[in-house]
Structures are given as C-alpha cells and as structure tokens.
Amino acid sequence: MASPNPSVPDPIPPVAAAVAASDAEPGWRRARLAPSLAEVHRSVEVNGVSWFRKLLAFAGPGYLVAVGYMDPGNWATDLAGGSRFGYALLSVILLSNLMAVLLQGLASKLGIVTGRDLAQACRDHYSRRTGLILWVLCELAIAACDLAEVIGTAIALNLLFGISLPVGIAITAFDVMIVLYLQNKGFRLLEALVIALIAVVGGCFVFELFISKPDIGEVARGFVPTTEIITNPEMLYIAIGILGATVMPHNLYLHSSIVQTRKYAENTEGKREAVRFAFLDSTIALTFALFINAAILIVAAATFHRTGNTQVAEIQDAYQLLTPLLGVGGASAVFALALLASGQNSTLTGTLAGQIVMEGFLDLRIRPWLRRLITRAIAIVPAAIVAILYGESGTAKLLVFSQVILSLQLSFAVFPLVQFTSDKVKMGAFANSMPLKMAAYTVATVIATLNVWLLAQTLRGWMA
C-alpha cells in the first residue's frame, strides 16, 4: 500500500531489506548505510601531477592518528621507564611503534577498500548483540582515553598558570568546540592545527634533549633489546605498560574513517594508490610519535636516572625537578607547554573518534556538539570528583587506571581488524597476504597476552 504522504517513501520490509543487504555486498551481513563522517567524506581532492604532490594531498590523517601515540597517558610510562632504568627501554618504544605502523596500515586499508570504518565493519559483520557489546567496550576505552587527555591538560594548566586541577578540568569541557569549528571550516584546517601542535611538542623536546645532554652511545644501545627486559620483573612491568599505553584502540577506528576524507578514484587502481599513500602518511607521522616518546624517556634517563632520582613517574614530579637538575631556566615551563599541546591534540582526535564510534556501531546521528559534550562529560565527572577529593595523587592514579582500561579494550579492536583485512571475500585482491596475516595475528596475540599480564599485575598491586 502506498504511503499516504507522498514525501515519505514506503517502508522496506525487514526481510526484503536483509535480502537486499546480503545480495548487495558479499561477505557482509548488512549493507553500508551511510559513509563514515558524512560531513567531510571525500571532501579533500587528491589530484596531483607529481608523486610528491599526491603525497602531500594524502598527508594529514596519519598525524591525527599519531597524536594518540604521544598523549599524556604515554608520558607517565615513558617517564617511569627512563628514570628507573635509563635508556634500556627505548627498544620497547621502538617495538611498540613498529606494531603501530602495522596495525594502522591495516586500519587505513580497511577504510579505503571496503568504504567502512572499523565500527561500521563490526556492525555489518557481527550479530547485533556482539556489535552492541563491542560498542560499549569501545565507548569505555574512548572515555578512558579522554580521561587521560582531560587530566593531562588540567595538569599542564596547573603547572603553567597555577590554575587548580578542578578548574582546569572544567575548562577542558569547552575545548571540544574547537573541533566543531574547524571541521565546519574544512578538514584540512583541523589537520593543520594538529600538525602545528605536534610541531610544538617536537620543538619543546628538541630543546629538552639539547639541554639534558644524553649519552649518545647509551641512547643507541638502548634501542637494542636485552634479555634483562624479560628477566627483570620490574622492568617487564614498565615495558608492558609502555606497550599498553602506546597502541590505542580508538586510533584504529579513527584511522579507518578519516582516510575516507580523500577523494580517490573508487576503482582497484585508485584504491591501491590510496592504500599506498595512506601507509606512507601514517608511517611518517608515527615516526614523529616515536621521536617524541623516545625523547620523553631519554630526557628522563639523562636528567633523573643519571642523578639518582629513579622514582620519578608522575608528570608533576618531573616538572618540579627539571629546572633544578638541569640548571637551565625555563626547562620545566617548556616541558609543561609540550604537555598542554599534547593534551589539546589528543582532545581533538579523541572527540572525533567518539563521533565515529557512535555513528558506526549504532548508525545513530545526533548533533556533533552534543555527542562530543557527552563524551567529554563521561571523562570530566570522574576526573573532577577525584581531583576535588584526592588532589594530585588521585589524578595520577586515575591516569594509570585509564591506561589499564585502554589495554583491556585493545584486543577487541585488533582482532576484528585483522580478521576483516584477511578476508578475501571482503577485501578481494587487497586481502592480507599469508606472511602479513601471520605477522598481524602474532602482534594481536602478543598485545593481548601482555595486556592480560599487565592487568593482573595492576590488580595485584591495588589489592596488596
């Protein structure tokens, strides 16, 4: 029967819709309903005559992803590793970065080839119940990540301007509006701001490296793995903490979406070119993340470990000690400035990931400003309560707790990603080769095993 309102189309019977979905796209339970981040989907032109111009056109998404690998949650583990064990754990940062390059490459390939972000792919592959469970877990991880960003930004505001932690946490409620403004002005402007903030963080640590005068020979040896990392339980604990804090689950959802902002040709050759340039973009960007994470650990080793301050693991302690130990005015302020830039950057990308996850898993589209305020409120409320009741020590413990939650969620993002990109029905000629498939599952298994061990050790420490 025709609809009484000619402007409203006749509803499609559920059975017919299911048949249409299965006929339309082999390998998926459901058809793709809408593009990821529809407001900026395929909004960036990538036409270019030269290879270098095309590389520049595709450059950007990788830097938004790299932000998650240098967020405030990473700082505590890097500081602890450097102050406690010198340069020895640089090899763990390098290994973490190599894992990240592999996983982010798979995430970008999934988005480009299937036209789905990871959240949409989970929704269209698994049952509705499984999809909902994955969504809840992912929302918890994003809230945990946002929690680290809120705390990091509030600490930086406190260190730089003397703003109390509760007030600093309240201020962070409004910085999500920056994302909305920039996204409405064009996605490239948002990418430009993120790259500029990364440059600020990088510049700050070039200064810190210069004045801390690390032993170059020791730094080089630190990138070579040693058996002590496995045999020393305390070193292993921090090493796993570095691994868990480096590879962020929300980055996989984010990357699989924002690579689709590029207007590449939607044929085999166009997708192949897009996959190649997206991989270059993320690899170059993650190299900057490697430099910054390594720099944090190197500065901690050269400043704290060398002077016998081996228990520095909190950001506030590092800030208080940098200038007195190095004897250079402004060393602490530059450190706090880098933290503020890092926290703001992570805020921008974290709120964007929250939108991608909600729209992808639920196909639920609410006003972006409301979605981002919801995400931020979930993080701000516990952070504010802890800051008011327990002060700096409480927020430091909350920062560690947020990393534990992230490590728990990671496997629920990594295994579906590897599964989807290894599926020849879904990916066609772009499916992972057998060596790549084995490498990806090995990385996924290692991450899962280490994170379970980290969780067990953390719980044991809390109950002791």
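This report walks through the side-chain contacts, buried spots and surface features of a predicted model.

## Aromatic pairs

Let's start with the rings. Across the whole structure, a search turns up ten aromatic pairs. One of them joins phenylalanine 58 and phenylalanine 277, and the pair is stacked, with 5.3 Å from centre to centre and 5° between the planes. The two partners come from distant parts of the chain: phenylalanine 58 belongs to helix α2 (residues 51–58), while phenylalanine 277 belongs to helix α15 (residues 268–305), 219 residues apart. Are these two rings buried or exposed? Both phenylalanine 58 and phenylalanine 277 are buried.

Another pair has an edge-to-face arrangement. Here tryptophan 75 meets phenylalanine 335, with 5.2 Å between the ring centres and 65° between the planes. Tryptophan 75 sits in helix α4 (residues 72–85) and phenylalanine 335 in helix α17 (residues 331–362), so this contact ties together parts that are 260 residues apart in sequence. Tryptophan 75 has 0% relative accessibility, so it counts as buried. Phenylalanine 335 is buried as well, with a relative accessible area of 3%.

## A ring cluster and two charges over rings

Rings can also gather in groups. Trp28, Tyr126 and Phe420 make up one aromatic cluster. Tryptophan 28 has a charged partner too: the charged end of lysine 426 sits over its ring, 4.8 Å from the centre.

A similar kind of contact involves arginine 42. This residue lies over the face of tyrosine 264, at 5.5 Å from the ring centre.

## Salt bridges

How many salt bridges does a search of the whole structure find? The count is nine. One of them pairs glutamate 273 with lysine 54, and their closest N and O atoms are 2.9 Å apart. Glutamate 273 is in helix α15 and lysine 54 is in helix α2, so the bridge ties together parts that are 219 residues apart in sequence. Those helices have come up already, as α2 holds phenylalanine 58 and α15 holds phenylalanine 277. Lysine 54 counts as buried because its relative accessibility is 18%, and the cut-off for buried is under 20%.

Next up is a bridge between aspartate 124 and arginine 116, whose side chains meet at 2.8 Å, N to O. Aspartate 124 is buried at 0% relative accessibility, and arginine 116 is buried at 1%. These two residues also belong to something wider: Arg116, Arg123 and Asp124 are linked in a network of salt bridges.

## A bridge along one helix

Arginine 221 and glutamate 218 give a local example. They form a salt bridge in which the closest N and O atoms are 2.8 Å apart. Both residues lie in helix α11 (residues 216–222), and being three residues apart, they are separated by about one helical turn. An α-helix has 3.6 residues a turn, so residues three or four places apart point the same way.

What about the cover around this pair? Arginine 221 counts as exposed, at 51% relative accessibility. Glutamate 218 is partly exposed, with a relative accessible area of 34%.

## A covered helix and a nonpolar patch

Helix α14 (residues 249–258) is mostly covered, with ten of its ten residues buried. Among the buried residues of α14 are Pro249, His250, Tyr253 and Ile258.

For something at the surface, look at Val381, Ile385, Ile388 and Leu389. Together they make a nonpolar surface patch of about 400 Å². Isoleucine 388 is part of helix α18 (residues 368–421). This isoleucine 388 is exposed, having a relative accessible area of 59%.

## Cysteines without disulfides

How many disulfides does the model have? The count comes to zero. Cysteine 122 shows why: its sulfur is 8.5 Å from the closest cysteine sulfur, in cysteine 138, and that is too far for a bond. The cut-off for a disulfide is a pair of cysteine sulfur atoms within 2.5 Å.

Cysteine 122 is buried, at 1% relative accessibility. Cysteine 204 is buried too, with a relative accessible area of 8%.

Terms used:
Residues numbered from 1 in each chain as written. Predicted model: local features only at pLDDT ≥ 70, side-chain atom pairs only at ≥ 80, totals over all residues. Heavy atoms only, no water. Phe/Tyr/Trp six-rings, centres within 6.5 Å; stacked < 30°, edge-to-face > 60°. Helix = DSSP H or I, 4+ residues; strand = E, 2+ residues; numbered from the N terminus. Buried < 20%, exposed > 50% of the residue type's maximum accessible area, 1.4 Å probe, protein only. Lys NZ or Arg CZ within 6 Å of the ring centre and 35° of its normal. Patch = residues over 30% accessible without salt bridge, like charges linked within 9 Å, V, L, I, M, F, W, Y side chains within 5 Å. Areas by Shrake-Rupley, 256 points an atom, 1.4 Å probe, with all protein chains shown as cover. Salt bridge = Lys/Arg side-chain N within 4 Å of Asp/Glu carboxyl O.
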